[in-house]
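Before you read further, please look over the chain and its ligand once. The points below follow the fold, the ligand surroundings and one pair of helices.

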Amino acid sequence: MNTIEAIYARKSVRKFKDEVVPKEDILKMLEAATQAPSPKHQQNWNFVVVTNRELINKMADIVTASHERLGEIAKTEKDRKIHMSVIKYYTCFRNAQAVVIVYGSEYKMIEYKILKENNASKEVLDMLVSAQSAAQGIGAAVENFLLAATEMGYGTCYMTGPTHAKAELEELIGFEKPGFELMSMIALGVSEDETPAKPPRKSLEDVVTFID
Ligand SMILES: Cc1cc2nc3c(=O)[nH]c(=O)nc-3n(C[C@H](O)[C@H](O)[C@H](O)COP(=O)(O)O)c2cc1C
């Protein structure tokens, strides 16, 4: 499978077989992830791989409880139902063989530091960070991981939905590296035989503008 084929073959998989993903395969995907570009090559990512079934189940329970608590904010039963209807998308890592928790740290922008020390306005400082470079680099790394997994025959789902429970998840996982916080998760496993096709894309006409 070449790169373009992997790009087209990748889709979000939310149902997995009960089959182990060997550690050396996960390491290959992580190697691919770390080949991604990152702002000023700061490589501000860190990956924690959870394969412990009990821990994965606990994580899913934490996300469910957090989502239910948030649902209590909704004033009507109808809104609460709509809120709860997405829970399956936030806990679909429950039956994955591995969950890769992606931690990220701040992108240290040298200009930001200088301008801040020189009393730049909040407007200027906000403009500097508006590209959210740290998150963009992490997204690039995750996509590399997903493509490598696809090429190796595995199913994946990129997830940020569960991050509403990030404080509790961070506490459960107990990974501590100064300045790093939980940004996203990747559900990884051997796909069920029948999983939904990837949804259609917007046409290029809708999303592309050439300026010649
Ligand atoms: C940043 C990001 C966060 C996402 N979070 C979730 C999530 O929490 N749960 C989920 O089931 N899918 C999640 N997805 C997957 C999208 O729903 C999926 O990519 C989209 O519907 C297109 O489908 P495809 O991946 O099969 O092409 C996320 C994707 C991205 C890029």
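1. A polar contact, as the term is used here, is a pair of N or O atoms within 3.5 Å. With that cut-off in mind, a polar side-chain atom of R201 can be placed 2.8 Å from an oxygen atom of the ligand, in what is, it should be said at once, a predicted model.

2. Two further contacts of this kind deserve attention. G161 takes part through its backbone, where an N or O atom lies 2.8 Å from an oxygen atom of the ligand, whereas R10 takes part through its side chain, with an N or O atom 2.9 Å from a ligand oxygen atom. As for how much of the ligand is covered, the protein buries 69% of the 630 Å² that the ligand exposes when taken alone.

3. Which residues come nearest to the ligand? Of the 16 residues around the ligand, these are S12, R14, Y89, G161 and R201. By class, the shell is made up of eight nonpolar, three polar and five charged residues.

4. In terms of secondary structure, α5 (87-90) and β3 (155-159) each supply at least two residues of the shell around the ligand. The largest share comes from β3, which gives three residues to the shell.

5. For the overall fold, the chain holds ten helices and four strands, and, read along the sequence, these follow the pattern α-α-β-α-α-α-β-α-α-α-β-α-β-α. The C-alpha trace of the chain spans about 55 × 50 × 40 Å along its principal axes.

6. One helix pair can be followed in detail, namely helix α6 (residues 110-117) and helix α7 (residues 122-129), whose axes come within 10 Å and cross at roughly 175°. Because angles over 145 degrees count as roughly antiparallel, α6 is therefore described as roughly antiparallel to α7. On the α6 side the contact is made by Y112, L115 and K116, and on the α7 side by V124, L125, L128 and V129. These residues divide into six nonpolar, no polar and one charged.

How values were computed. Residues are numbered from 1 along each chain as its sequence is written. This is a predicted model: local features need pLDDT of at least 70, side-chain atom pairs count only at pLDDT 80 or more; totals for chains, interfaces and linings use all residues. Side-chain values use heavy atoms; hydrogens and water are left out. A residue is near a molecule or strand if one of its heavy atoms lies within 4 Å of it. A polar contact is a pair of N or O atoms within 3.5 Å; within protein, one must be able to donate a hydrogen and the other to accept it, and residues adjacent in sequence count only if both atoms are side-chain atoms. Accessible areas come from the Shrake-Rupley method with a 1.4 Å probe; for residues, only the protein chains shown count as cover. Ala, Val, Leu, Ile, Met, Phe, Trp, Tyr, Cys and Pro count as nonpolar, Asp, Glu, Lys and Arg as charged, and the others, Gly among them, as polar. Axes are lines fitted to C-alpha atoms, for helices over the stretch in contact, and angles run from 0 to 180 degrees between N-to-C directions. Angles under 35 degrees count as roughly parallel, over 145 as roughly antiparallel, 65 to 115 as roughly perpendicular and the rest as oblique. Contact means heavy atoms within 4.5 Å.
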